[in-house]
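This explanation goes through a predicted model. The ligand and its surroundings come first, and a single residue follows.

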Amino acid sequence: MDKLVINGPCRLQGEVSISGAKNAAVAIIPAAIMANNICIIENLPSIEDVTSLNTTITKMGAKTEFLDQHTLKIDSRGMENISATFEEVRKMRASYYLLGALLARYRRAEVAMPGGCDFGSRPIDLHLKGFRAMGAQVSVERDVIRVEAEKLQGASIYMDTVSVGATINIMLAAVLAEGKTVIENAAREPHIVDVANFLNIMGAKIKGAGTDVIRITGVEELHGAQYTIIPDQIEAGTYMIAAAITGGDILVKNIIPTHMDSLSAKLDEMGAGVEEFDDAIRVNATGRHLKAVSVQTMAYPGFPTDLQPQMTTLLTVAEGIGKVTENVWENRYQYTQMLKLMGAQIHVEGRVAITTGVPSLTAAHVDATDLRAGAAMVLAGLCANGETVIGEVKYIDRGYEEIEKKLTALGASIRRVHV
Ligand code: UD1
(Lines give C-alpha, C1' and ligand atoms only; values in the text may rest on other atoms or scores of the structure.)
Protein backbone atom coordinates (compact mmCIF):
# COMPACT_ATOMS: atom_id res chain seq x y z
CA MET A 1 0.00 0.00 0.00
CA ASP A 2 1.38 3.40 -0.97
CA LYS A 3 1.10 6.70 0.86
CA LEU A 4 1.97 10.21 -0.31
CA VAL A 5 3.88 12.42 2.11
CA ILE A 6 3.73 16.16 1.46
CA ASN A 7 5.64 18.85 3.33
CA GLY A 8 3.83 22.14 3.06
CA PRO A 9 3.23 24.85 2.47
CA CYS A 10 4.86 25.32 -0.89
CA ARG A 11 4.48 27.72 -3.77
CA LEU A 12 4.28 25.89 -7.09
CA GLN A 13 5.98 27.42 -10.07
CA GLY A 14 6.88 26.31 -13.59
CA GLU A 15 5.33 24.26 -16.38
CA VAL A 16 3.38 21.03 -16.37
CA SER A 17 2.38 18.89 -19.33
CA ILE A 18 -1.09 17.33 -19.21
CA SER A 19 -1.63 13.66 -20.09
CA GLY A 20 -4.33 12.15 -22.29
CA ALA A 21 -7.91 12.18 -21.04
CA LYS A 22 -8.78 9.26 -18.74
CA ASN A 23 -12.48 9.37 -19.51
CA ALA A 24 -11.84 9.35 -23.27
CA ALA A 25 -9.26 6.55 -22.96
CA VAL A 26 -11.58 4.25 -21.03
CA ALA A 27 -14.19 4.51 -23.81
CA ILE A 28 -11.80 4.47 -26.76
CA ILE A 29 -10.13 1.19 -25.71
CA PRO A 30 -13.49 -0.69 -25.73
CA ALA A 31 -14.39 1.11 -28.99
CA ALA A 32 -11.17 -0.21 -30.56
CA ILE A 33 -12.29 -3.83 -30.10
CA MET A 34 -15.27 -3.14 -32.37
CA ALA A 35 -12.96 -3.01 -35.38
CA ASN A 36 -11.96 -6.67 -35.73
CA ASN A 37 -8.64 -5.24 -36.86
CA ILE A 38 -5.65 -3.27 -35.60
CA CYS A 39 -6.02 0.10 -33.85
CA ILE A 40 -3.21 2.25 -32.52
CA ILE A 41 -4.17 4.60 -29.69
CA GLU A 42 -1.77 7.44 -28.89
CA ASN A 43 -1.55 9.80 -25.92
CA LEU A 44 -3.04 7.27 -23.53
CA PRO A 45 -2.51 8.34 -19.93
CA SER A 46 -0.27 6.04 -17.94
CA ILE A 47 -2.81 5.30 -15.18
CA GLU A 48 -4.32 2.30 -13.41
CA ASP A 49 -7.68 2.45 -15.22
CA VAL A 50 -5.90 2.03 -18.57
CA THR A 51 -3.85 -0.87 -17.18
CA SER A 52 -7.03 -2.56 -15.92
CA LEU A 53 -8.82 -2.15 -19.25
CA ASN A 54 -5.80 -3.42 -21.15
CA THR A 55 -5.71 -6.52 -18.93
CA THR A 56 -9.45 -6.94 -19.43
CA ILE A 57 -9.41 -6.95 -23.23
CA THR A 58 -6.31 -9.15 -23.23
CA LYS A 59 -8.13 -11.71 -21.07
CA MET A 60 -10.94 -11.53 -23.62
CA GLY A 61 -8.58 -12.52 -26.44
CA ALA A 62 -7.35 -9.21 -27.88
CA LYS A 63 -3.60 -8.96 -28.54
CA THR A 64 -2.20 -5.73 -27.19
CA GLU A 65 1.25 -4.18 -27.07
CA PHE A 66 2.48 -0.89 -25.63
CA LEU A 67 4.60 0.62 -28.42
CA ASP A 68 5.77 3.20 -25.88
CA GLN A 69 4.48 4.40 -22.49
CA HIS A 70 1.51 6.17 -24.07
CA THR A 71 0.80 4.24 -27.27
CA LEU A 72 -1.18 1.01 -27.32
CA LYS A 73 -1.59 -1.29 -30.30
CA ILE A 74 -4.81 -3.30 -30.07
CA ASP A 75 -5.36 -6.24 -32.40
CA SER A 76 -8.82 -7.64 -31.73
CA ARG A 77 -8.96 -9.99 -34.71
CA GLY A 78 -8.77 -13.14 -32.62
CA MET A 79 -11.16 -11.95 -29.97
CA GLU A 80 -14.07 -14.27 -29.34
CA ASN A 81 -14.86 -14.00 -25.67
CA ILE A 82 -17.95 -11.87 -25.04
CA SER A 83 -17.78 -12.35 -21.29
CA ALA A 84 -16.02 -9.93 -18.93
CA THR A 85 -16.91 -10.97 -15.42
CA PHE A 86 -13.48 -11.11 -13.75
CA GLU A 87 -11.95 -8.91 -11.04
CA GLU A 88 -10.46 -6.05 -13.14
CA VAL A 89 -13.91 -5.28 -14.54
CA ARG A 90 -15.40 -4.78 -11.09
CA LYS A 91 -12.80 -2.13 -10.17
CA MET A 92 -13.79 0.34 -12.87
CA ARG A 93 -16.91 2.29 -13.61
CA ALA A 94 -16.04 2.49 -17.28
CA SER A 95 -16.17 -1.27 -17.81
CA TYR A 96 -19.80 -0.62 -18.79
CA TYR A 97 -18.51 0.49 -22.21
CA LEU A 98 -17.71 -3.16 -22.93
CA LEU A 99 -21.48 -3.74 -23.03
CA GLY A 100 -22.05 -1.31 -25.90
CA ALA A 101 -18.91 -2.37 -27.77
CA LEU A 102 -19.54 -6.13 -27.51
CA LEU A 103 -23.25 -5.78 -28.24
CA ALA A 104 -22.32 -3.87 -31.41
CA ARG A 105 -19.75 -6.39 -32.60
CA TYR A 106 -21.16 -9.74 -31.39
CA ARG A 107 -24.78 -8.84 -30.68
CA ARG A 108 -24.28 -10.14 -27.13
CA ALA A 109 -22.24 -9.40 -24.04
CA GLU A 110 -21.85 -10.42 -20.42
CA VAL A 111 -20.19 -7.88 -18.16
CA ALA A 112 -19.82 -7.66 -14.37
CA MET A 113 -21.57 -4.75 -12.69
CA PRO A 114 -19.25 -1.73 -12.87
CA GLY A 115 -17.37 -0.51 -9.79
CA GLY A 116 -15.51 2.79 -9.55
CA CYS A 117 -15.73 5.68 -7.09
CA ASP A 118 -18.50 5.66 -4.53
CA PHE A 119 -20.44 8.89 -4.49
CA GLY A 120 -23.95 7.64 -4.02
CA SER A 121 -26.14 5.62 -6.28
CA ARG A 122 -24.65 5.21 -9.76
CA PRO A 123 -27.40 3.59 -11.84
CA ILE A 124 -26.96 2.44 -15.44
CA ASP A 125 -30.68 2.28 -16.25
CA LEU A 126 -30.33 4.78 -19.10
CA HIS A 127 -27.66 2.65 -20.79
CA LEU A 128 -29.90 -0.42 -20.56
CA LYS A 129 -32.99 1.52 -21.67
CA GLY A 130 -31.07 2.56 -24.79
CA PHE A 131 -30.01 -1.03 -25.57
CA ARG A 132 -33.59 -2.23 -25.09
CA ALA A 133 -34.89 0.47 -27.44
CA MET A 134 -32.52 -0.94 -30.06
CA GLY A 135 -34.02 -4.42 -29.68
CA ALA A 136 -31.68 -5.99 -27.11
CA GLN A 137 -32.82 -8.27 -24.30
CA VAL A 138 -31.25 -7.18 -21.04
CA SER A 139 -31.04 -9.12 -17.79
CA VAL A 140 -29.13 -8.63 -14.56
CA GLU A 141 -28.30 -11.67 -12.46
CA ARG A 142 -25.87 -11.96 -9.54
CA ASP A 143 -24.05 -8.75 -10.42
CA VAL A 144 -23.61 -9.70 -14.09
CA ILE A 145 -25.36 -7.79 -16.87
CA ARG A 146 -26.32 -9.74 -19.98
CA VAL A 147 -27.38 -8.10 -23.23
CA GLU A 148 -28.34 -9.93 -26.37
CA ALA A 149 -29.95 -8.91 -29.67
CA GLU A 150 -30.83 -11.06 -32.64
CA LYS A 151 -31.18 -7.86 -34.58
CA LEU A 152 -29.81 -4.53 -33.39
CA GLN A 153 -31.99 -1.81 -34.81
CA GLY A 154 -31.39 1.96 -34.76
CA ALA A 155 -33.88 3.87 -32.58
CA SER A 156 -34.89 7.30 -31.31
CA ILE A 157 -33.70 7.59 -27.73
CA TYR A 158 -34.44 10.45 -25.35
CA MET A 159 -32.22 10.65 -22.26
CA ASP A 160 -34.23 11.47 -19.14
CA THR A 161 -31.02 12.63 -17.45
CA VAL A 162 -27.94 13.95 -19.21
CA SER A 163 -25.51 11.03 -18.88
CA VAL A 164 -21.98 10.83 -20.26
CA GLY A 165 -21.77 7.06 -19.95
CA ALA A 166 -25.18 6.32 -21.46
CA THR A 167 -24.56 8.70 -24.38
CA ILE A 168 -21.27 6.98 -25.26
CA ASN A 169 -22.57 3.44 -24.67
CA ILE A 170 -25.61 3.93 -26.90
CA MET A 171 -23.39 5.59 -29.51
CA LEU A 172 -21.11 2.51 -29.49
CA ALA A 173 -24.01 0.10 -30.01
CA ALA A 174 -25.68 2.31 -32.64
CA VAL A 175 -22.59 2.52 -34.84
CA LEU A 176 -22.99 -1.13 -35.95
CA ALA A 177 -26.80 -1.30 -35.66
CA GLU A 178 -29.12 -1.34 -38.65
CA GLY A 179 -30.51 2.04 -39.66
CA LYS A 180 -30.56 5.36 -37.87
CA THR A 181 -30.27 6.19 -34.18
CA VAL A 182 -31.02 9.60 -32.73
CA ILE A 183 -29.90 10.38 -29.17
CA GLU A 184 -31.70 13.40 -27.74
CA ASN A 185 -30.66 15.28 -24.60
CA ALA A 186 -27.21 13.76 -25.14
CA ALA A 187 -24.26 14.75 -22.93
CA ARG A 188 -21.78 17.14 -24.58
CA GLU A 189 -18.51 16.45 -22.71
CA PRO A 190 -15.27 16.80 -24.72
CA HIS A 191 -14.59 13.07 -24.44
CA ILE A 192 -17.90 12.28 -26.17
CA VAL A 193 -16.65 14.22 -29.18
CA ASP A 194 -13.32 12.40 -28.90
CA VAL A 195 -14.93 8.94 -28.94
CA ALA A 196 -17.16 9.97 -31.87
CA ASN A 197 -14.13 11.26 -33.81
CA PHE A 198 -12.31 7.97 -33.24
CA LEU A 199 -15.33 5.92 -34.35
CA ASN A 200 -15.78 8.10 -37.44
CA ILE A 201 -12.13 7.54 -38.41
CA MET A 202 -12.88 3.80 -38.08
CA GLY A 203 -15.71 4.23 -40.62
CA ALA A 204 -18.68 5.07 -38.38
CA LYS A 205 -21.26 7.69 -39.37
CA ILE A 206 -21.86 9.91 -36.35
CA LYS A 207 -23.02 13.51 -36.57
CA GLY A 208 -23.70 16.04 -33.85
CA ALA A 209 -21.37 14.81 -31.08
CA GLY A 210 -20.75 17.81 -28.81
CA THR A 211 -24.38 18.99 -29.22
CA ASP A 212 -27.41 17.60 -27.44
CA VAL A 213 -28.65 15.69 -30.48
CA ILE A 214 -26.43 12.95 -31.90
CA ARG A 215 -27.41 11.20 -35.13
CA ILE A 216 -25.84 7.88 -36.04
CA THR A 217 -26.31 5.90 -39.23
CA GLY A 218 -25.32 2.28 -38.69
CA VAL A 219 -22.57 0.76 -40.85
CA GLU A 220 -21.78 -2.93 -41.46
CA GLU A 221 -18.23 -2.91 -40.16
CA LEU A 222 -15.46 -0.73 -38.83
CA HIS A 223 -11.83 -0.75 -39.92
CA GLY A 224 -8.67 -0.24 -37.92
CA ALA A 225 -7.42 3.28 -37.17
CA GLN A 226 -4.70 5.32 -35.54
CA TYR A 227 -5.90 7.98 -33.11
CA THR A 228 -4.54 10.50 -30.59
CA ILE A 229 -6.59 11.06 -27.44
CA ILE A 230 -7.41 14.61 -26.29
CA PRO A 231 -5.80 16.08 -23.16
CA ASP A 232 -7.39 15.47 -19.76
CA GLN A 233 -9.68 18.33 -18.76
CA ILE A 234 -9.79 17.26 -15.10
CA GLU A 235 -6.03 16.75 -14.68
CA ALA A 236 -5.51 20.19 -16.27
CA GLY A 237 -8.06 21.72 -13.90
CA THR A 238 -6.39 20.10 -10.89
CA TYR A 239 -3.04 21.76 -11.76
CA MET A 240 -4.75 25.11 -12.41
CA ILE A 241 -6.26 24.90 -8.92
CA ALA A 242 -2.84 23.82 -7.55
CA ALA A 243 -1.41 27.13 -8.80
CA ALA A 244 -4.24 29.05 -7.14
CA ILE A 245 -4.15 27.23 -3.79
CA THR A 246 -0.36 27.58 -3.36
CA GLY A 247 -0.21 31.24 -4.46
CA GLY A 248 1.90 29.92 -7.32
CA ASP A 249 2.37 30.48 -11.03
CA ILE A 250 1.92 27.49 -13.37
CA LEU A 251 1.78 27.16 -17.13
CA VAL A 252 -0.52 24.19 -17.77
CA LYS A 253 0.53 22.88 -21.19
CA ASN A 254 -0.85 20.54 -23.88
CA ILE A 255 -4.48 21.31 -23.20
CA ILE A 256 -7.52 22.59 -25.08
CA PRO A 257 -8.20 25.91 -23.28
CA THR A 258 -11.91 26.08 -24.23
CA HIS A 259 -12.48 22.85 -22.25
CA MET A 260 -11.39 24.82 -19.18
CA ASP A 261 -13.72 27.82 -19.63
CA SER A 262 -15.95 27.17 -16.60
CA LEU A 263 -12.93 26.81 -14.28
CA SER A 264 -10.98 29.70 -15.83
CA ALA A 265 -14.01 31.96 -15.26
CA LYS A 266 -14.22 30.95 -11.57
CA LEU A 267 -10.49 31.40 -10.94
CA ASP A 268 -10.67 34.80 -12.62
CA GLU A 269 -13.69 35.72 -10.46
CA MET A 270 -11.70 34.72 -7.36
CA GLY A 271 -8.92 37.11 -8.36
CA ALA A 272 -6.29 34.79 -9.86
CA GLY A 273 -4.55 35.78 -13.09
CA VAL A 274 -5.67 33.47 -15.90
CA GLU A 275 -3.98 33.83 -19.28
CA GLU A 276 -4.95 31.69 -22.26
CA PHE A 277 -2.65 30.57 -25.07
CA ASP A 278 -3.32 28.30 -28.08
CA ASP A 279 -2.72 25.08 -26.16
CA ALA A 280 -1.90 26.23 -22.63
CA ILE A 281 -3.25 28.27 -19.73
CA ARG A 282 -1.15 30.14 -17.18
CA VAL A 283 -2.63 30.58 -13.72
CA ASN A 284 -0.80 33.13 -11.59
CA ALA A 285 -1.86 33.68 -8.00
CA THR A 286 1.42 35.16 -6.77
CA GLY A 287 0.80 37.59 -3.92
CA ARG A 288 -2.97 37.60 -4.52
CA HIS A 289 -5.65 37.08 -1.89
CA LEU A 290 -8.28 34.96 -3.56
CA LYS A 291 -11.91 35.61 -2.73
CA ALA A 292 -14.54 32.91 -2.19
CA VAL A 293 -17.22 32.40 -4.87
CA SER A 294 -20.28 30.25 -5.55
CA VAL A 295 -19.91 27.19 -7.78
CA GLN A 296 -22.56 24.83 -9.18
CA THR A 297 -21.60 21.58 -10.86
CA MET A 298 -23.37 20.78 -14.11
CA ALA A 299 -22.96 18.71 -17.24
CA TYR A 300 -20.56 20.23 -19.82
CA PRO A 301 -20.14 23.10 -20.56
CA GLY A 302 -21.02 23.69 -16.90
CA PHE A 303 -18.53 23.36 -14.04
CA PRO A 304 -17.43 19.68 -13.92
CA THR A 305 -18.39 17.63 -10.89
CA ASP A 306 -14.97 15.95 -11.18
CA LEU A 307 -13.36 19.28 -10.20
CA GLN A 308 -15.76 19.89 -7.32
CA PRO A 309 -13.60 18.40 -4.50
CA GLN A 310 -10.53 20.32 -5.72
CA MET A 311 -12.50 23.59 -6.00
CA THR A 312 -14.14 23.16 -2.59
CA THR A 313 -10.65 22.68 -1.12
CA LEU A 314 -9.51 25.94 -2.71
CA LEU A 315 -12.55 27.72 -1.26
CA THR A 316 -11.60 26.58 2.26
CA VAL A 317 -8.58 28.90 2.12
CA ALA A 318 -10.15 31.73 0.08
CA GLU A 319 -11.33 34.89 1.79
CA GLY A 320 -15.01 34.86 2.84
CA ILE A 321 -17.91 32.47 2.46
CA GLY A 322 -18.00 30.04 -0.46
CA LYS A 323 -20.97 28.02 -1.66
CA VAL A 324 -20.77 24.80 -3.65
CA THR A 325 -23.82 23.07 -5.10
CA GLU A 326 -23.29 19.52 -6.35
CA ASN A 327 -25.96 18.87 -8.96
CA VAL A 328 -24.63 15.68 -10.56
CA TRP A 329 -23.92 13.20 -7.74
CA GLU A 330 -25.99 12.85 -4.60
CA ASN A 331 -23.17 12.02 -2.18
CA ARG A 332 -19.90 13.61 -3.22
CA TYR A 333 -18.82 15.33 -0.03
CA GLN A 334 -17.34 12.44 2.00
CA TYR A 335 -13.88 13.97 1.62
CA THR A 336 -14.93 17.12 3.51
CA GLN A 337 -14.53 15.10 6.75
CA MET A 338 -10.83 14.79 5.86
CA LEU A 339 -10.54 18.51 5.13
CA LYS A 340 -12.08 19.26 8.53
CA LEU A 341 -9.25 17.23 10.13
CA MET A 342 -6.92 19.77 8.47
CA GLY A 343 -8.75 22.73 9.97
CA ALA A 344 -11.12 23.55 7.12
CA GLN A 345 -14.48 25.04 8.01
CA ILE A 346 -17.12 23.38 5.87
CA HIS A 347 -20.77 22.84 6.53
CA VAL A 348 -22.51 20.32 4.27
CA GLU A 349 -26.25 20.09 3.94
CA GLY A 350 -27.55 17.79 1.22
CA ARG A 351 -26.13 18.92 -2.07
CA VAL A 352 -24.74 22.22 -0.74
CA ALA A 353 -21.41 22.85 0.99
CA ILE A 354 -20.70 26.19 2.63
CA THR A 355 -17.05 27.09 3.29
CA THR A 356 -15.71 29.79 5.57
CA GLY A 357 -12.18 30.61 4.48
CA VAL A 358 -9.37 30.09 7.02
CA PRO A 359 -5.88 31.66 6.60
CA SER A 360 -4.23 28.24 6.28
CA LEU A 361 -4.81 24.50 6.71
CA THR A 362 -2.86 22.26 9.09
CA ALA A 363 -1.18 19.01 8.04
CA ALA A 364 -2.85 15.76 9.06
CA HIS A 365 -3.06 12.04 8.25
CA VAL A 366 -5.90 11.66 5.76
CA ASP A 367 -7.17 9.19 3.16
CA ALA A 368 -8.13 9.53 -0.46
CA THR A 369 -11.78 8.47 -0.27
CA ASP A 370 -12.04 8.35 -4.07
CA LEU A 371 -10.10 9.54 -7.14
CA ARG A 372 -10.89 13.27 -7.19
CA ALA A 373 -11.21 13.41 -3.40
CA GLY A 374 -7.63 12.12 -3.42
CA ALA A 375 -6.59 15.02 -5.66
CA ALA A 376 -8.29 17.35 -3.20
CA MET A 377 -6.19 15.89 -0.35
CA VAL A 378 -3.02 16.49 -2.36
CA LEU A 379 -4.03 20.13 -2.94
CA ALA A 380 -4.81 20.55 0.75
CA GLY A 381 -1.43 19.02 1.67
CA LEU A 382 0.41 21.40 -0.68
CA CYS A 383 -0.94 24.47 1.10
CA ALA A 384 -1.10 23.10 4.68
CA ASN A 385 1.52 23.76 7.35
CA GLY A 386 3.53 20.64 8.16
CA GLU A 387 3.66 17.03 6.98
CA THR A 388 0.48 15.65 5.43
CA VAL A 389 0.27 11.90 4.88
CA ILE A 390 -2.30 10.65 2.37
CA GLY A 391 -3.42 7.00 2.41
CA GLU A 392 -5.38 5.00 -0.19
CA VAL A 393 -3.22 6.43 -3.00
CA LYS A 394 -4.53 3.65 -5.25
CA TYR A 395 -7.53 5.88 -6.00
CA ILE A 396 -5.31 8.75 -7.14
CA ASP A 397 -3.29 6.35 -9.31
CA ARG A 398 -6.48 5.38 -11.16
CA GLY A 399 -6.56 8.79 -12.82
CA TYR A 400 -3.39 10.87 -12.34
CA GLU A 401 -0.22 10.01 -14.24
CA GLU A 402 2.95 10.40 -12.15
CA ILE A 403 1.38 12.98 -9.86
CA GLU A 404 4.32 13.19 -7.45
CA LYS A 405 6.81 13.55 -10.32
CA LYS A 406 4.83 16.38 -11.93
CA LEU A 407 4.37 18.19 -8.60
CA THR A 408 8.04 17.75 -7.63
CA ALA A 409 9.04 19.39 -10.94
CA LEU A 410 6.82 22.34 -9.93
CA GLY A 411 8.66 22.68 -6.61
CA ALA A 412 6.51 20.61 -4.24
CA SER A 413 8.02 18.49 -1.49
CA ILE A 414 6.11 15.26 -2.11
CA ARG A 415 7.22 11.65 -1.95
CA ARG A 416 5.64 8.22 -2.20
CA VAL A 417 6.31 5.67 0.47
CA HIS A 418 5.50 1.96 0.30
CA VAL A 419 3.99 0.78 3.55
C1 UD1 B 1 -18.80 10.06 -16.04
C2 UD1 B 1 -17.37 10.16 -15.57
C3 UD1 B 1 -17.33 10.63 -14.12
C4 UD1 B 1 -18.11 11.94 -13.97
C5 UD1 B 1 -19.50 11.82 -14.57
C6 UD1 B 1 -20.24 13.16 -14.62
C7 UD1 B 1 -16.37 8.40 -16.88
C8 UD1 B 1 -15.73 7.06 -16.89
N9 UD1 B 1 -16.77 8.84 -15.68
O10 UD1 B 1 -19.44 9.10 -15.21
O11 UD1 B 1 -15.98 10.81 -13.75
O12 UD1 B 1 -18.24 12.27 -12.61
O13 UD1 B 1 -19.43 11.34 -15.93
O14 UD1 B 1 -19.51 14.09 -15.36
O15 UD1 B 1 -16.46 9.06 -17.90
N16 UD1 B 1 -27.56 8.48 -14.29
C17 UD1 B 1 -28.77 7.82 -14.22
N18 UD1 B 1 -28.93 6.69 -14.97
C19 UD1 B 1 -27.93 6.20 -15.77
C20 UD1 B 1 -26.72 6.88 -15.85
C21 UD1 B 1 -26.55 8.03 -15.09
O22 UD1 B 1 -29.67 8.24 -13.50
O23 UD1 B 1 -28.15 5.18 -16.42
C24 UD1 B 1 -27.36 9.72 -13.50
C25 UD1 B 1 -26.28 9.54 -12.44
O26 UD1 B 1 -26.81 9.01 -11.24
C27 UD1 B 1 -25.77 10.95 -12.26
C28 UD1 B 1 -25.95 11.57 -13.66
O29 UD1 B 1 -26.86 10.72 -14.35
O30 UD1 B 1 -26.56 11.64 -11.35
C31 UD1 B 1 -24.69 11.70 -14.47
O32 UD1 B 1 -24.05 10.47 -14.58
P33 UD1 B 1 -23.17 10.06 -15.85
O34 UD1 B 1 -22.93 11.26 -16.69
O35 UD1 B 1 -23.78 8.87 -16.46
O36 UD1 B 1 -21.82 9.63 -15.15
P37 UD1 B 1 -20.84 8.50 -15.65
O38 UD1 B 1 -20.89 8.38 -17.12
O39 UD1 B 1 -21.02 7.27 -14.84
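The ligand is surrounded by 22 residues, and the closest of them are Asp 125, Leu 126, Ser 163, Asp 306 and Val 328. By residue type, the shell around the ligand consists of nine nonpolar, eight polar and five charged residues.

Several helices take part in this shell. At least two residues each are supplied by helix 1 (22–32), helix 5 (125–133) and helix 6 (164–175). Helix 5 provides the largest share, with three residues. Asp 125, one of the closest residues to the ligand, is the residue at which the range of helix 5 (125–133) begins.

Oxygen atoms of the ligand are also paired with polar atoms of the protein. With Val 328, one of the closest residues, the pairing involves the backbone: an N or O atom there lies 2.6 Å from an oxygen atom of the ligand. The backbone of Val 164 likewise has a polar atom 2.7 Å from a ligand oxygen. For Trp 329 the side chain is involved, with an N or O atom 3.0 Å from an oxygen atom of the ligand. On its own, the ligand has 740 Å² of accessible area, of which the protein covers 88%.

Turning from the ligand to a single residue, Ser 262 is part of helix 9, which spans residues 261–270. Is Ser 262 buried or exposed? Its relative accessible area is 17%, and because buried means under 20%, Ser 262 counts as buried. Leaving aside residues up to four places away in sequence, Ser 262 touches Pro 301, Gly 302, Phe 303 and Pro 304.

Note on methods
Residues numbered from 1 in each chain as written. Predicted model: local features only at pLDDT ≥ 70, side-chain atom pairs only at ≥ 80, totals over all residues. Heavy atoms only, no water. Near = heavy atom within 4 Å. Polar contact = N/O pair within 3.5 Å; in protein donor to acceptor, adjacent residues only side chain to side chain. Areas by Shrake-Rupley, 256 points an atom, 1.4 Å probe, with all protein chains shown as cover. Helix = DSSP H or I, 4+ residues; strand = E, 2+ residues; numbered from the N terminus. Nonpolar A, V, L, I, M, F, W, Y, C, P; charged D, E, K, R; others polar. Buried < 20%, exposed > 50% of the residue type's maximum accessible area, 1.4 Å probe, protein only. Contact = heavy atoms within 4.5 Å.
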